[in-house]
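Okay, thanks for making time. I'd like to walk you through one structure today, so please have a look at the screen.

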Amino acid sequence: MVTAAHAVPQVGHWPGFADMPQVFATAMMIGFMEQTCIQALRPYLTDSQRTVGTRVDMNHVAATAVGMKVVAQVELVEVKGKSLTFKVRCSDDAGLIGEGMHQRAIIDVQRFQERLASRAAAV
């Protein structure tokens, strides 16, 4: 269910968003599609694995008002090693609002955290 917290004026603290229409934010739609992919993959990963987003190619084609229900549909269409490609689609009560492709990579959490710490220490 889209709430005011999912609407453009509430996303982040950037001043350009403050006076925008009260509609489902593109960033929130993409996050919702990512969350759907994450949840779909969870049963197939080990306890030490997660996935991270590596590419997003989305079209946001229609506005969604606060109070409307949103549904995401994801389909895993390609697996290349640890890279996963999804076809994604998002609809509200009135129909299609967004669609595109999303890629995720399977990671080992501990190794990922070690590489992240090394990268941060290099700064």
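I'll go from the overall layout to the sheet, then the helices, and finish with the cysteines and the aromatics.

One thing up front: this is a predicted model. So keep that in mind for everything I say.

Right, the overall picture. We have 123 residues, and 28% of them are buried. The secondary structure comes to two helices and four strands, and if you read along the sequence you get α-β-β-β-β-α. The C-alpha atoms fill a box of roughly 40 × 35 × 20 Å, taken along the principal axes. And if you look at contacts with a separation of 6 or more, 57% of them come from residues 24 or more positions apart.

Now the sheet. What is the order of the strands? It goes β1-β4-β3-β2, in an open sheet with antiparallel pairing. That puts β1, residues 49-60, and β2, residues 70-80, at the edges, each pairing on one side only. The twist averages 25 degrees from one strand to the next.

Let's go through the pairings. Start with β1 and β4, where β4 is residues 95-108: these two are antiparallel over 11 bridges. If you want a landmark there, Asp57 stands opposite Met101 in β4. Moving over, β3 and β4 are joined by 10 bridges, again running antiparallel, and they make a hairpin with two residues between them. Then β2 and β3 are also antiparallel, with 10 bridges. Val79 faces Leu84 of β3 across that pairing. These two strands form a hairpin as well, with two residues between them, and Gly81 in that turn has a positive phi of about 60 degrees.

I'd like to stay on β3 for a moment. It's mostly covered, with seven of its 10 residues buried. Take Ser91, which sits in this strand. Is Ser91 buried or exposed? Its relative accessibility is 18%, so it counts as buried, given that the cut-off for buried is under 20%. Leaving out residues up to four places away in sequence, Ser91 touches Lys69, Val70, Val71, Leu96 and Ile97.

On to the helices. Helix α1, residues 26-41, packs on the sheet and touches β1, β2, β3 and β4; its direction makes about 50 degrees with that of β4. It has 16 residues and reaches 23 Å from its first C-alpha to its last, close to the 22 Å expected at 1.5 Å a residue. Which residues of α1 are buried? They are Met29, Ile30, Met33, Cys37, Ile38 and Leu41. Those buried residues pack against β1, β2, β3 and β4. The other helix, α2, covers residues 109-121 and lies across β1 and β4, at about 85 degrees to β4.

You'll have spotted a cysteine in that list, so let's talk disulfides. A disulfide is a covalent bond between the sulfur atoms of two cysteines. How many does a search of the whole structure find? Zero. Why no bond for Cys37? Because its closest cysteine sulfur, in Cys90, is 11 Å away, which is too far. For scale, the cut-off for a disulfide is 2.5 Å between the sulfur atoms. Going the other way, Cys90 has its closest cysteine sulfur in Cys37, at that 11 Å, so it is too far for a bond as well. Cys37 is buried, with a relative accessible area of 0%, and Cys90 is buried too, also at 0%. As for where Cys90 sits in the sheet, its bridge partner in β4 is Gly98.

Last topic, the aromatics. A pair of aromatic rings is described by the distance of the centres and the angle of the planes. A search of the whole structure finds one such pair. That's Trp14 with Phe17, edge-to-face, at 5.7 Å centre to centre and 80 degrees between the planes. And what about accessibility? Trp14 counts as exposed because its relative accessibility is 57%, and the cut-off for exposed is over 50%. Phe17 is partly exposed, with a relative accessible area of 29%.

To recap: an open, antiparallel sheet of four strands, α1 packed on that sheet, α2 lying across β1 and β4, zero disulfides, and one aromatic pair. That's it from me.

Notes:
Residues are numbered from 1 along each chain as its sequence is written. This is a predicted model: local features need pLDDT of at least 70, side-chain atom pairs count only at pLDDT 80 or more; totals for chains, interfaces and linings use all residues. Side-chain values use heavy atoms; hydrogens and water are left out. Rings of Phe, Tyr and Trp (its six-membered ring) pair if their centres lie within 6.5 Å; planes under 30 degrees apart count as stacked, over 60 as edge-to-face and the rest as tilted. Buried means under 20% relative accessible area, exposed over 50%, partly exposed in between (1.4 Å probe, protein chains only). Two strands pair if DSSP finds at least two bridges between them. Axes are lines fitted to C-alpha atoms, for helices over the stretch in contact, and angles run from 0 to 180 degrees between N-to-C directions. Contact means heavy atoms within 4.5 Å. The expected span of a helix is 1.5 Å times one less than its number of residues.
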